[in-house]
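Thank you all for making time this morning. I would like to walk you through one chain, beginning with a term we will need and then moving from the local pairing to the whole.

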Amino acid sequence: MNSTVSKGLLGAAVLLLGGGALWLAKRQLEQPPARVAVLPAKATPFPPLAYDPTSIGSPVGPDDRPIVTNLQIADLDQDALPDVIYSEARHNTVRWIRQYPRGVFTEQVIAADLPAPANVWAADVQGSGRLDVLVACMGQIMPNNDRIGSVVILENLDNRTFRPHSVLENTARVTDVRAANLAGHTDGRLDLVVGQFGYAQGETRWMRNLGGWQFESQVVNRQSGTVHTPVADFDGDSRPDFAALVSQEWEEIHLFRQAVPGGEFKDELAWGSTNEDYGSSGLATADVNRDGRPDLIYTNGDGFDYAVRGHRPWHGLQWLENTGQGSFRYHRVGDLPGAYAPCAADLNGDGFTDLVAVSGFADWDKPSAVALMAWLNDGQQGFTPVPLASSPIKLMTAAVGDLDGDGVPEIVTGALHAFPPYEKLSNITLWRRR
């Protein structure tokens, strides 16, 4: 699945505003310690997995420093060959790396002059039978509390060309947008879930699809720092719910459920850290224990909020086990400095769900610093860390999927080179298992 630049660039020099009653409430939750030690002895020096990297899409030039904010694997032209779409903030474009024929990847720009695109998502918004591309635009990557964010939908006209529709403007900086049938439409329309980091003020909202590229907004949370808003039926009532990872000083995961389709969403706190500096950086869904319930996988690795940007000792990966009826149980998986982009797949073919994350912040002066990490599941949700790569570095977004149709999932990563060191550069990298 997926993931993206999160709090990262978005939240440097964060304003610590206190937190009030919600700050106090979250600390009444039963919490694990901010850092759970994972014995490094479990890491295998000769991993059972090995991957070969291949650059796809635009090459990195001598003066080019890619700023890839998000990527997704999606069969955008529905030719049965999975493609890659990504947003990049160096040139403010959205790009499609089309796979055709199998194993051959060709990139094209499908939207330009977008105001700081931070996230992309493919979905058939109007029931046309073609996949559109949803784009979350921040307006400006660096901290700004002005209402400069927007949501743009790239309408897929013919599986080759795309027409932009701006469906939300003059709003707090937008960092994520997803599509789901929240209102109970019967004609194929999908509504939107929007996460807005903002800065001092932010929002989480859903937008009812009225047809004709018109939407009606309902704000469900007004905290700043929302990073990701994954959608799933978390409580098993056959209606889609959504979660929100709220970073900044909050460091919380919220769950939004509705009693009836199209009704009001209830804001519930699913989990909150006792560490205001936890560094929330990524949230995605996966059935980790394969019990039929969607769990949450969650990275904390933000390193942008410090005078000297970098990792912290509590950074890593965890999963929140869905125990039913909107309740979750926290499990630490392992440490990874600067962890971003949690993903899940059965990497080694043993029938169990393994986990993957990348590092945007590590001690890059050390050749052994890990940029890409897997955790292999023993079937009882015991995880063994397996370092996969130490180069290229500064990976901020990733997705996992079977791109070549052999039944073995590949990994795709994107790099964000916005600050030194400018070495071991990459743009979009496809990792194939040997």
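Before I come to a hairpin, let me say that two strands are taken to pair if DSSP finds at least two bridges between them. Please also keep in mind throughout that what you have in front of you is a predicted model.

With that term in hand, look at strand S9, residues 149-156, and strand S10, residues 162-171, which pair in the antiparallel sense over 7 bridges. Within this pairing, valine 151 has leucine 168 in S10 as its bridge partner. The hairpin of S9 and S10 has 5 residues between the strands, and asparagine 159 takes a positive phi there, near 65 degrees.

Let me turn now to a sheet further along the chain. Here 4 strands form an open sheet in the order S23-S24-S25-S26, and the pairing is antiparallel. Strand S23, at 339-345, and strand S26, at 383-389, are the edge strands, since each of them pairs on one side only. From one strand to the next, the twist averages 25 degrees. Inside this sheet, strand S24, residues 354-359, pairs with strand S25, residues 372-377, in the antiparallel sense over 4 bridges, and the bridge partner of valine 356 in S25 is alanine 374. As a reminder for anyone tracing side chains by eye, in a regular strand they alternate between the two faces of the sheet.

What about the cysteines, and how many disulfides does the structure hold? The structure holds 0 disulfides. Cysteine 137 has a relative accessibility of 0%, and therefore counts as buried, and cysteine 343 is likewise buried because its relative accessible area is 0%.

Stepping back to the whole chain, we find 2 helices and 29 strands. Of its 434 residues, 60% count as buried, while the chain exposes about 15900 Å², of which carbon and sulfur atoms supply 51%. Among the contacts with a separation of 6 or more, 53% are between residues 24 or more positions apart.

Finally, a word on confidence, which I would ask you to weigh carefully. The average pLDDT of the chain is 89, and 88% of the residues score at least 70. Over residues 1-46, however, pLDDT stays under 50, although the model has 135 contacts beyond four places in sequence for that stretch.

Key
Residues are numbered from 1 along each chain as its sequence is written. This is a predicted model: local features need pLDDT of at least 70, side-chain atom pairs count only at pLDDT 80 or more; totals for chains, interfaces and linings use all residues. Side-chain values use heavy atoms; hydrogens and water are left out. pLDDT is the predictor's confidence in each residue, from 0 to 100. Contact means heavy atoms within 4.5 Å. A disulfide is a pair of cysteine sulfur atoms within 2.5 Å. Buried means under 20% relative accessible area, exposed over 50%, partly exposed in between (1.4 Å probe, protein chains only). Accessible areas come from the Shrake-Rupley method with a 1.4 Å probe; for residues, only the protein chains shown count as cover. Axes are lines fitted to C-alpha atoms, for helices over the stretch in contact, and angles run from 0 to 180 degrees between N-to-C directions.
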